[in-house]
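Visitor: I should like a close look at a single part of this model, namely how one chain is divided into domains. Please then carry the description outward to the contacts between chains.

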There are 6 protein chains.
Amino acid sequence: MATFGLLDYEQASPEVRAVYDDIMAVRGTDFVGNFWKALAHDPAALRRTWEAVKDVMRPGALDPLTKELLYLAVSATNQCGYCIASHTAAARKAGMTEAMFAEVMAVVGMANATNRLAAGYQVEIDERFRNQP
Amino acid sequence: MATFGLLDYEQASPEVRAVYDDIMAVRGTDFVGNFWKALAHDPAALRRTWEAVKDVMRPGALDPLTKELLYLAVSATNQCGYCIASHTAAARKAGMTEAMFAEVMAVVGMANATNRLAAGYQVEIDERFRNQP
Amino acid sequence: MATFGLLDYEQASPEVRAVYDDIMAVRGTDFVGNFWKALAHDPAALRRTWEAVKDVMRPGALDPLTKELLYLAVSATNQCGYCIASHTAAARKAGMTEAMFAEVMAVVGMANATNRLAAGYQVEIDERFRNQP
Amino acid sequence: MATFGLLDYEQASPEVRAVYDDIMAVRGTDFVGNFWKALAHDPAALRRTWEAVKDVMRPGALDPLTKELLYLAVSATNQCGYCIASHTAAARKAGMTEAMFAEVMAVVGMANATNRLAAGYQVEIDERFRNQP
Amino acid sequence: MATFGLLDYEQASPEVRAVYDDIMAVRGTDFVGNFWKALAHDPAALRRTWEAVKDVMRPGALDPLTKELLYLAVSATNQCGYCIASHTAAARKAGMTEAMFAEVMAVVGMANATNRLAAGYQVEIDERFRNQP
Amino acid sequence: MATFGLLDYEQASPEVRAVYDDIMAVRGTDFVGNFWKALAHDPAALRRTWEAVKDVMRPGALDPLTKELLYLAVSATNQCGYCIASHTAAARKAGMTEAMFAEVMAVVGMANATNRLAAGYQVEIDERFRNQP
């Protein structure tokens, strides 16, 4: 039922194939998700988005699993069905256990609740939270 | 400029003081934030919320720092000023470095972007993301 | 610090004054809030918005207090500072007690949490919720 | 297509069954919704969430119907499909008529519009809305 | 699977038919979308919403295509499935090419990212952005 | 009150200065906004974000003014104070008149309302909106 066709490897231009190849190489898989196949209608956006995702998600001060958990927490907050499904899978591949998943969801639920309590009660920011080094 | 008065320890009922005491004991501090002092107008909500926060944020399958980073990611996604300020402080106390903070923000920005691309392009969930164990 | 000037009654055109007059008459007050004074830069939007608000908020199957509580719940969910402040005031004028306010916030917090849990756990809609009369 | 299995009563541990039993007893029904069956993978979250929902939704300064309408208003604002379906059903059970539903939606639509107008026009909070008792 | 029946022209009251007729006349089509057929359960909301949409979307300082692109950008930001589908169709009818669609999505993704970076980094508004004419 | 210091040109590393120089050159100004000065704490994010913004906002199938209006519409929907202020200024510089601003806001308000009505009424996507070329 997708409104936009999904661009398969066979139909893709060399420019798009190069991105698909890099996605599969970096992720050590032979699979390219529908997100990329939809975005491929705009090859420049495909490349820009993939390069940014690759850059942002690579190990740094935070390990890949932690980054996937953060991605999942944002996706659940925004209630993005596709992103929840794909990043739950990605987080599992990166090592997320069921217990970790449950704890991510518990924090997401709690934070979404207290965010609204803070706003609704019009809580002023404490002085000590303003003057961070 | 808070619409709701903040309930200081001195003015508080024994019931509210007990929660304040527990917050300070669990966190190893002599400080109670404005969020709790505003919520204290509803002692039942104060206790329920604090017990849930304490339960959710304690070490489990995820360590306290990771949980604080998740809290911060949700708060930034929701653009809750109070929560961003207080949980940036809490995450730093739990060990977040500036490099970690920057990586959290990078993931948050990226996820918020791709969440909308997935929705806007009406991307269908891949079959393999549906049949998770 | 408003970017857009606020249009006071004295400066306003007859068209805008007529809306201001109606706001004050319907609400039984001599006060017009900044929201309307900002929107007045677009007289057609001012009239359209006010007529819709007047229509939607008048007593019907739901009483005015319940409608104000709903408005406040939405505003807290969206974390709109202006709207939370103005509709807290409006709800109080319509009879909201502090106990009611606290219960509204408790429901808002809870619903914002469970909304994300339902999304994050990818919960399918129960068959019986689909076939409502 | 649920990614997470739904935990039926028969498969559930005594701990989970106790929560299911309480849900059915409090609601006077023999039905437990998919939300709870998904959350049951984390028995502690199941219990904590149910106890909080039970506590928040019980009659107080606001009656159960008003609370359900607020829940529905938040769920529609967040566009949570599961929550809209389940809380529309719950609100009907609590006495919501079609006319009430239509008025809830009208307020939700209006509030979501004016929230953005207030933000977009950068409206400053009126002095009188700041100094509430 | 709609919870609310869709009110077809044949079943509709003269009041609802008058709105349907106007929708078809203004849009030069013999088609009325499900959105209107659902909203028709509340004839007053149907009329009020249609009159507002007609008023807001008519050519003015902005042309109809630009308005449809804005509608689509908001709908993608809110991740409203129905609205994305219907306004993608409407924008195409108004002249949106695939290249335009891709650029709208690119801006939507970018803005959703930088909105969170600005919030997360707690960026203060520049003095020069405050004093607009 | 910024929690994060703003990195001025004088303090900045050659890497950061190169980005600042490019921002000023592309925009034809001697001004660098606080957003960039905060993000500069993470030079890689600064460069990646600026390159993406430059790429996305350059004239293409859509002109720069239309792109700024879309940016503003998203920012108002997300209620991001900094972004609304800075992109209102940017849109004005790109040619947005007060009448255009008012029409953008009118569409933003309307779309935010109807997005929730579509969700709340659980409107199914029309068949004809599914099968787009």
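Guide: In this predicted model, the centres of domain 1 of chain A and domain 2 of chain A, taken over C-alpha atoms, are separated by 26 Å. The domain assignment places domain 1 at residues 1–58 and domain 2 at residues 60–133 of chain A. Contact between these parts involves 4 residues of domain 1 and 5 residues of domain 2. On the side of domain 1 of chain A that touches domain 2, the residues comprise 2 nonpolar, 1 polar and 1 charged.

Within the range assigned to domain 2 of chain A, A:Gln122 merits attention for its backbone. A:Gln122 is not a glycine, yet its phi is positive, at about 50°. The residue sits in the loop that joins helix H6 (98–120) to helix H7 (127–130) of chain A. A:Gln122 counts as buried because 21 other C-beta atoms lie within 10 Å, the threshold for burial being 20 or more.

A:Ala73 also falls in the range of domain 2, and it leads from the single chain to the assembly. The largest nonpolar core has 281 residues, and those with the most contacts inside it are A:Ala73, B:Ala73, C:Ala73, D:Ala73, E:Ala73 and F:Ala73. If neighbours within four places in sequence are set aside, A:Ala73 is in contact with A:Val104, A:Val107 and A:Val108 in chain A, and with B:Leu70, B:Ala73 and B:Val74 in chain B.

In chain B, helix H6 (residues 98–120) contains B:Phe101. B:Phe101 is classed as buried because it has 22 C-beta neighbours inside 10 Å. Its C-alpha atom is 8.8 Å from that of B:Ala91, a residue 10 places away along the chain.

The pairing of chains can be followed in detail for C and D. Here 59 residues of chain C are in contact with 59 residues of chain D. On the side of chain C that touches chain D, at least two residues come from each of helix H2 (34–39), helix H3 (43–57), helix H4 (64–78), helix H5 (81–93), helix H6 (98–120) and helix H7 (127–130). H6(C) provides the largest share, 15 residues. By class, this side of chain C holds 36 nonpolar, 18 polar and 5 charged residues. As for symmetry, a turn of 180° with a shift of 0.0 Å along the axis lays chain C on chain D with an RMSD of 0.0 Å. The two copies are therefore related as by a two-fold rotation axis. Of the interface residues of chain C, 100% are also interface residues in chain D, so the copies meet through the same surface.

Chains E and F may be described in corresponding terms. Chain E is superposed on chain F by a rotation of 180° with 0.0 Å of shift along its axis, at an RMSD of 0.0 Å. The same surface serves both copies, with 100% of the contact residues of chain E recurring in chain F. The contact joins 59 residues of chain E to 59 residues of chain F. H6(E) gives the most to the side of chain E that touches chain F, with 15 residues. That side divides into 36 nonpolar, 18 polar and 5 charged residues.

Chain F itself offers several local features. Helix H1 (residues 14–27) of chain F, with 14 residues, reaches 20 Å from its first C-alpha to its last, close to the 20 Å expected at 1.5 Å a residue. Just after H1(F), F:Gly28 adopts a positive phi of about 60°. Further along, F:Gln79 occupies the loop between H4 and H5 of chain F. Although F:Gln79 is not a glycine, its phi is positive, at about 55°, and the residue counts as buried, with 23 C-beta neighbours inside 10 Å.

Helix H5 (residues 81–93) of chain F has 13 residues and reaches 19 Å, close to the 18 Å expected. H5(F) is mostly covered, 10 of its 13 residues being buried; among them are F:Tyr82, F:Cys83, F:Ile84 and F:His87. The buried residues of H5(F) pack against helices of three chains: helix H6 (98–120) of chain D, helix H6 (98–120) and helix H7 (127–130) of chain E, and helix H2 (34–39) and helix H4 (64–78) of chain F. Just after H5(F), F:Gly95 takes a positive phi of about 115°.

Methods. Residues are numbered from 1 along each chain as its sequence is written. Chains are lettered from A and ligands numbered from 1 in the order in which they are written. This is a predicted model: local features need pLDDT of at least 70, side-chain atom pairs count only at pLDDT 80 or more; totals for chains, interfaces and linings use all residues. Two residues are in contact if their C-beta atoms, placed from the backbone, lie within 7 Å. Helices (H or I, at least four residues) and strands (E, at least two) are DSSP runs, numbered from the N terminus. Ala, Val, Leu, Ile, Met, Phe, Trp, Tyr, Cys and Pro count as nonpolar, Asp, Glu, Lys and Arg as charged, and the others, Gly among them, as polar. Copies are superposed by least squares on the C-alpha atoms of residues with pLDDT of at least 70 in both. The expected span of a helix is 1.5 Å times one less than its number of residues. Domain bounds come from an automatic or database domain assignment. A residue is buried if 20 or more other C-beta atoms lie within 10 Å of its own, exposed if 12 or fewer, and partly exposed in between; C-beta atoms are placed from the backbone. A nonpolar core is a set of buried Ala, Val, Leu, Ile, Met, Phe, Trp, Tyr and Cys residues joined through C-beta atoms within 7 Å.
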